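Here are my notes on this one, in no strict order. Have the model open while you read.

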Amino acid sequence: MSTSTAPLGPRAAELAVDPVAYALALREHLADNSADYDRWRGHEPMTVAERNDHHAALLRALHDDGGWTRYGWPEPAGLGGDPRHRAALYDELSSAGLPVPDQCLVLETLGNPVVHFAPSLAAEVMPALFTGAQWWGQGFSEPEAGSDLAALRCRARRDGDHYVVSGQKLWMSFGATAHRFVCLVRTGTPEARHRGLTMLMIDADAPGVSRRPVALASGQEEVSEVFFDDVRVPLSRAIGAQDQGWAVAMYLLQFERSMFAWQSAGIALRRLRDLRGRLASSGTPLPDGTTGRLGSTYADIVTLRSRSAATIRRLAAGDTVGPEASVDKILLATVETGLHDLARDALGADFLLADPQDPHALDSTAWRAEWWYSRSSTILGGSAEVQRTILADHVLGLPQESSR
Ligand SMILES: Cc1cc2nc3c(=O)[nH]c(=O)nc-3n(C[C@H](O)[C@H](O)[C@H](O)COP(=O)(O)OP(=O)(O)OC[C@H]3O[C@@H](n4cnc5c(N)ncnc54)[C@H](O)[C@@H]3O)c2cc1C
């Protein structure tokens with residue numbers, strides 16, 4: 001690849017303080033080197049493990065030719081800047097017809113609390129994320145502890161200079177391939193609920209860790225169960241103080257719900273453009289109402305982007321967004337379900353019947369796989385019902401239902 005626009009060196013300092021200059025420089029880089037990025041355009045590998053590797057290679061390319069993945073993260077692992085730089089990265093990739101690497105979804109969720117609550121650990125473990133050499137999984141949910149996260153039972157007891165972790169996590173995205181897990185574990189009594197939790201980083205290859213992929217309705221093994229059997233974790237791998245894990249989780253969730261929404265909005269815009277292009281060139285009559293639905297889906301995406309941009313500016317300014325990020329999460333689910341239902345209806349029989357083995361049917365099978373995943377948009381990261389309750393209780397301050 002050309003290094004003519006690579007901004008490491010004197011320009012790095014300038015770009016680190018100016019997200020707009022960063023976005024323009026990255027746009028120029030992607031345009032100048034467009035052919036080198038072609039392997040990430042078009043259809044993607046279908047299995048999760050293959051897609052992980054494919055996207056990791058994109059991170060590597062972006063990192064090696066300009067350090068683009070390091071902006072927006074603090075030094076020494078990053079090059080400085082703030083969440084607006086990261087938002088610009090995801091946006092420029094989508095505008096250039098490239099995927100946002102799946103690993104970035106988890107990086108946005110887990111990287112922020114590690115940087116904020118454990119800066120020394122961040123300096124050690126984050127560089128491998130920027131190169132795509134490693135990625136992490138988020139270990140919050142357990143059987144009987146999803147919406148009611150404070151009921152979690154995976155336990156860590158102190159033993160000298162280690163914690164010893166035993167228990168199970170469920171529904172972990174990237175659980176089958178991640179190199180490390182960021183897990184919320186119980187260090188206090190079950191009765192202590194959210195006051196007895198600690199956030200730990202656990203290496204996936206530590207003795208006592210085992211994982212079992214779970215196939216979702218699409219047939220794809222998108223998530224995993226992860227089991228911990230007396231896994232020894234150094235005290236230095238705590239993210240935040242012991243028993244203060246709830247505060248770390250709440251800090252994390254505002255990024256998970258907002259940056260994920262921004263990434264997804266950019267991806268949705270790219271996919272809507274793809275769908276419109278395919279429908280326009282197909283020459284076959286469209287089902288009634290399709291053009292109106294294309295327009296309303298576009299409006300939903302723009303609504304999400306407007307809201308999400310405001311949230312990102314607040315995060316960049318160091319504001320606590322807290323429960324208000326649930327608005328972004330609800331808008332995201334509206335976009336995800338609306339876009340994919342539109343594709344299902346507009347593509348008709350192709351969507352339903354396309355053979356995954358047929359190289360001419362890749363677009364339809366990709367839409368079908370994405371439709372299946374979009375069903376989880378009202379569940380993952382906190383269900384839509386729970387998000388609405390958070391807004392009612394913590395943003396609108398409505399009285400509890402029992403006292404109405
Ligand atoms: C594709 C996918 C990826 C995921 N990735 C991860 C991950 O990487 N890491 C991780 O930790 N977790 C992950 N999850 C888990 C996700 O966070 C949980 O599924 C979610 O929080 C809901 O928890 P649950 O499945 O236990 O459902 P439950 O909490 O049992 O909820 C079941 C139903 O009851 C409703 N409900 C529950 N409580 C209330 C209430 N108080 N008021 C109103 N309605 C309520 C819910 O809305 C839902 O409809 C993932 C899930 C999916 C589907």
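1. Which element gives the largest share of the shell around the ligand? That is E3, with three residues. Strand E3 (162-173) and helix H12 (384-395) each bring at least two shell residues; helices (H or I, at least four residues) and strands (E, at least two) are DSSP runs numbered from the N terminus.

2. Before going on: this is a predicted model, where local features need pLDDT of at least 70, side-chain atom pairs count only at pLDDT 80 or more, and totals for chains, interfaces and linings use all residues. Residues are numbered from 1 along each chain as its sequence is written, and side-chain values use heavy atoms, with hydrogens and water left out.

3. The ligand has 18 residues around it, counted when a heavy atom lies within 4 Å. The closest are Gln138, Ser147, Trp171, Ser383 and Glu385.

4. Now the polar contacts (N or O atom pairs within 3.5 Å). A polar backbone atom of Gln138 sits 2.7 Å from a ligand nitrogen, and a polar side-chain atom of Ser173 is 2.8 Å from a nitrogen of the ligand. On the Glu385 side chain, an N or O atom is 2.7 Å from a ligand oxygen. The protein buries 64% of the 970 Å² that the ligand exposes when taken alone (Shrake-Rupley areas, 1.4 Å probe).

5. Elsewhere, Pro83, Arg84, Ala87 and Asp91 in H4 meet Arg305, Ile312, Leu315 and Ala316 in H9, with contact meaning heavy atoms within 4.5 Å.

Note on methods. A polar contact is a pair of N or O atoms within 3.5 Å; within protein, one must be able to donate a hydrogen and the other to accept it, and residues adjacent in sequence count only if both atoms are side-chain atoms.
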